[in-house]
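Ready for a little practice with a binding site? Have the viewer open and work through the exercises below at your own pace.

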Amino acid sequence: MSVKRIGVLTSGGDAPGMNAAVRAVVRTCLYHNIECYGIRRGWNGLITGDVVKMDESKIAHTINRGGTILYTARSEEFMTEAGQRKAVSTCKFLGLDSIVAIGGDGTFRGARALSKYGINVIGIPGTIDNDISCTNYCIGFDTAANTAIECIDRLRDTMQSHERCSVVEVMGRNAGYLAMYVGLAVGATAILVPEKPIDFEQDVIEKIRQARFRGFTHYMIVVAEGAGKATEIADKIHEAIDMEPRVTVLGHIQRGGSPTGRDRVNATKMGYLAVELLLAGKNNRIVCTHDGGFTDVDIDEGLSMKKGIQQMEVDVLTAMTGLIDK
Ligand code: F6P
C-alpha cells in the first residue's frame with residue numbers, strides 16, 4: 001500500500017497538545033517527502049473539502065499553542081452513510097489515501113467508518129478526559145490536570161482565609177480520571193467520581209465532619225462532572241451541616257492554555273508514530289502509550305476495551321480522604 005498524500009484532522013473537544021501532534025504529523029511527512037493536508041473543522045472538513053496544504057510555515061510556532069489550529073467539531077453528518085460517502089469523494093478528489101485523526105472515541109468511530117471505504121486511517125488519542133481505554137494517556141490530560149490544580153490551589157487560599165467549604169466541578173464527561181488525579185493532587189477532603197458508587201453521608205458529610213473534628217477549618221470537595229453537579233452537592237451539604245459551600249465549575253478553562261512539556265512530547269511522539277505506521281502499511285490503528293512505551297492497537301479492538309479506575313487508586317483515595325483514628 002503506497003502512501004502519497006496524508007490528511008490530518010482534529011475532532012471532538014479540543015485538548016492542549018493537539019497542535020504539537022499536528023505539527024509532528026506534518027514534519028514527519030515533510031521528512032519523508034510526503035504531501036500533507038490539514039483538514040479543518042474535524043470530519044466536517046472532509047465532507048465540505050475544507051482543507052489546507054500543510055508546510056513548515058503552517059506549523060511554525062504552534063508547539064506551544066493550546067487549542068487546535070485546524071479547528072474542531074463534532075460532526076453529526078459524518079456519522080451518516082451519506083456523510084461518509086461525501087468524505088470519501090473528497091479524499092478521492094484530493095488524492096488523500098490516508099488520514100490521521102486526533103481526538104477521542106467519537107473520532108475513532110469516524111476513522112473506522114472511513115477505513116471501510118478503503119482509506120487508511122490512524123487515530124491519535126487527544127482528550128482531557130483521558131477516557132480512551134486502549135491507552136493509559138491521552139494528549140491534553142496533563143495540561144488540563146495542571147490547570148485545574150493551579151485553579152484549586154488559588155481557591156484554597158480564599159477558602160482557608162474564610163474557613164469555608166468549596167465544591168469544585170471538574171470536567172471528564174462520564175469518566176473520573178481527571179477529577180481523581182486533580183483531587184489527589186490538591187489534597188481534597190472528598191473526591192467523587194462516577195466509577196465509585198457514592199454514599200453521600202459516608203463519602204462527603206462524614207469526611208467533612210471528621211476533618212472538622214481533627215481541627216481543619218476549610219474543606220475542598222472535588223466532583224467529576226459525571227458524578228454529579230457541584231451546585232446540588234453544595235445544597236446537600238448545606239442541608240446536612242451548618243455550612244454554606246461555595247461552588248466553582250472549572251468548565252472550559254481546563255481545556256485551554258499552553259500544553260505542558262509532557263503533552264508536547266507525547267503528542268510529538270504520537271504524531272511521528274502515526275505517519276510511520278502508515279508508511280509501514282498499517283491501517284485502522286490507534287496509537288497508544290503504556291508505561292512510557294508507544295504501541296498501536298486495532299481500532300475495533302481499542303474501542304471495545306474497557307478501562308476503570310485501578311484498585312490502587314481507590315485505595316489511595318480512601319486512605320487520603322479517610323478518618324485517622326488517634
Ligand atoms: O470531552 C472533552 C470535554 O471537555 C468533556 O470533559 C466535557 O464534558 C465536554 O467535552 C464538553 O463539551 P463542549 O465543549 O461541547 O461543551
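The exercises below deal with a predicted model, starting at the ligand and ending at a cavity.

**Exercise 1.** Find the residues that surround the ligand and sort them by character.

*Solution.* Start by listing the shell: Arg74, Ile128, Asp129, Met171, Gly172, Arg173, Glu225, His252 and Arg255. Next, sort these residues, which gives two nonpolar, two polar and five charged. Finally, turn to the domains: domain 1 (5-140 + 259-304) and domain 2 (144-255) each supply at least three residues of the shell.

**Exercise 2.** Look for polar contacts to oxygen atoms of the ligand, then ask how much of the ligand the protein covers.

*Solution.* Take a cut-off of 3.5 Å between N or O atoms. Begin with the backbone: an N or O atom of Gly172 lies 3.1 Å from a ligand oxygen. Move on to side chains, where a polar atom of His252 is 2.9 Å from an oxygen of the ligand. For Arg255, a side-chain N or O atom lies 2.8 Å from a ligand oxygen. Now for the cover: on its own the ligand has 390 Å² of accessible area, and the protein covers 75% of that.

**Exercise 3.** Which pocket does the ligand take up, and how many cavities of 30 Å³ or more are there?

*Solution.* The ligand takes up the space of the largest pocket. For cavities of 30 Å³ or more, the count is one. The largest cavity has a volume of about 70 Å³. To locate this cavity, select its lining, which includes Ala190, Ile191, Leu192, Val193, Leu317 and Thr321.

Note on methods
Residues numbered from 1 in each chain as written. Predicted model: local features only at pLDDT ≥ 70, side-chain atom pairs only at ≥ 80, totals over all residues. Heavy atoms only, no water. Near = heavy atom within 4 Å. Polar contact = N/O pair within 3.5 Å; in protein donor to acceptor, adjacent residues only side chain to side chain. Areas by Shrake-Rupley, 256 points an atom, 1.4 Å probe, with all protein chains shown as cover. 1 Å grid on protein atoms, 1.4 Å probe; cavity = no way out; pocket = protein on both sides within 12 Å on 5 of 7 lines; lining within 4 Å. Sits in = over half its atoms within 2 Å of the grid points. Nonpolar A, V, L, I, M, F, W, Y, C, P; charged D, E, K, R; others polar. Domains from an automatic or database assignment. Points joined across faces, edges and corners; volume = space filled by probe spheres on them.
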